[in-house]
Amino acid sequence: MFKKWQIGLITATLLGALALSSCAGAAAKVGDTVKVDYTGTLTDGTVFDSSVGKSPLEFTVGAGQMIKGFDNAVLGMKVGQSKTVVLPPEDAYGAHRDDLVVAVDRRQLGDAANATVGDQLSVMYANGTRGTVVVLAVNATTVTVDTNHSLAGKTLKFDIKLVSVTPKK
């Protein structure tokens, strides 16, 4: 026969286990806030980004905070689950666009007018966002820069582990 305090302890333990198992078994859905550990590599194995040794990456699934293929890869994952996905450019940063390679009058560059090939310049776009461009060519009057994302046109591989899911409220 169980004593009253033992029944309370057993009940609390069972309720705690049920609560944990319901969170652990929840699959990530659109609107949920998730935390993931990940490593992103190029097709040659070069690591371009990773959360390993840092805090997990936190984002809201389907909110447009991540590239399309990464967002889609997390959908349906359960806490503790790992997967590897390979994303073609159209599911990552898009194709490299030639129209985003532009020649800029050196006089418009101010302090950056003396940039050399390979330099990365921080720029402010007309819409107020900041970005990074790469200098491709320099001559007496212009500096040619590539305004594409540095990963545009590349196939990306991600190793992803779902660390937590906070359901949409």
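**Exercise 1. Find the salt bridge of D105 and say how exposed its two partners are.**

Solution. Start with the pair itself: in this predicted model, D105 and R107 join their side chains in a salt bridge, 2.8 Å from N to O. That fits the cut-off of within 4 Å. Next, look at the surroundings. D105 is partly exposed at 27% relative accessibility, whereas R107 is exposed, with 73%.

**Exercise 2. Work out where R106 sits and whether it is buried or exposed.**

Solution. First, place the residue: R106 belongs to the loop between strand 5 (101-105) and strand 6 (120-124). Second, check its environment: R106 is buried, yet it has no salt bridge. The nearest side chain of opposite charge is D105, 7.4 Å away. Third, list the contacts. Beyond neighbours within four places in sequence, R106 touches several residues, among them A113, N114, V138 and T142.

**Exercise 3. Explain which parts of the chain the salt bridge between D91 and K68 ties together.**

Solution. Begin with the distance: D91 and K68 meet at 3.3 Å, N to O. D91 lies in the loop between strand 4 (82-87) and strand 5, and K68 in helix 2 (residues 68-74), so the pair links parts 23 residues apart in sequence. Finally, D91 is partly exposed at 22%, and K68 is partly exposed at 48%.

**Exercise 4. Describe the salt bridge of K29 and give the total count of salt bridges.**

Solution. K29 pairs with D32, their closest N and O atoms being 3.4 Å apart. K29 is partly exposed at 46% relative accessibility, while D32 is buried at 1%. As for the total, the count comes to four salt bridges.

Note on methods
Residues numbered from 1 in each chain as written. Predicted model: local features only at pLDDT ≥ 70, side-chain atom pairs only at ≥ 80, totals over all residues. Heavy atoms only, no water. Helix = DSSP H or I, 4+ residues; strand = E, 2+ residues; numbered from the N terminus. Buried < 20%, exposed > 50% of the residue type's maximum accessible area, 1.4 Å probe, protein only. Lys, Arg positive; Asp, Glu negative; His and termini not counted. Contact = heavy atoms within 4.5 Å.
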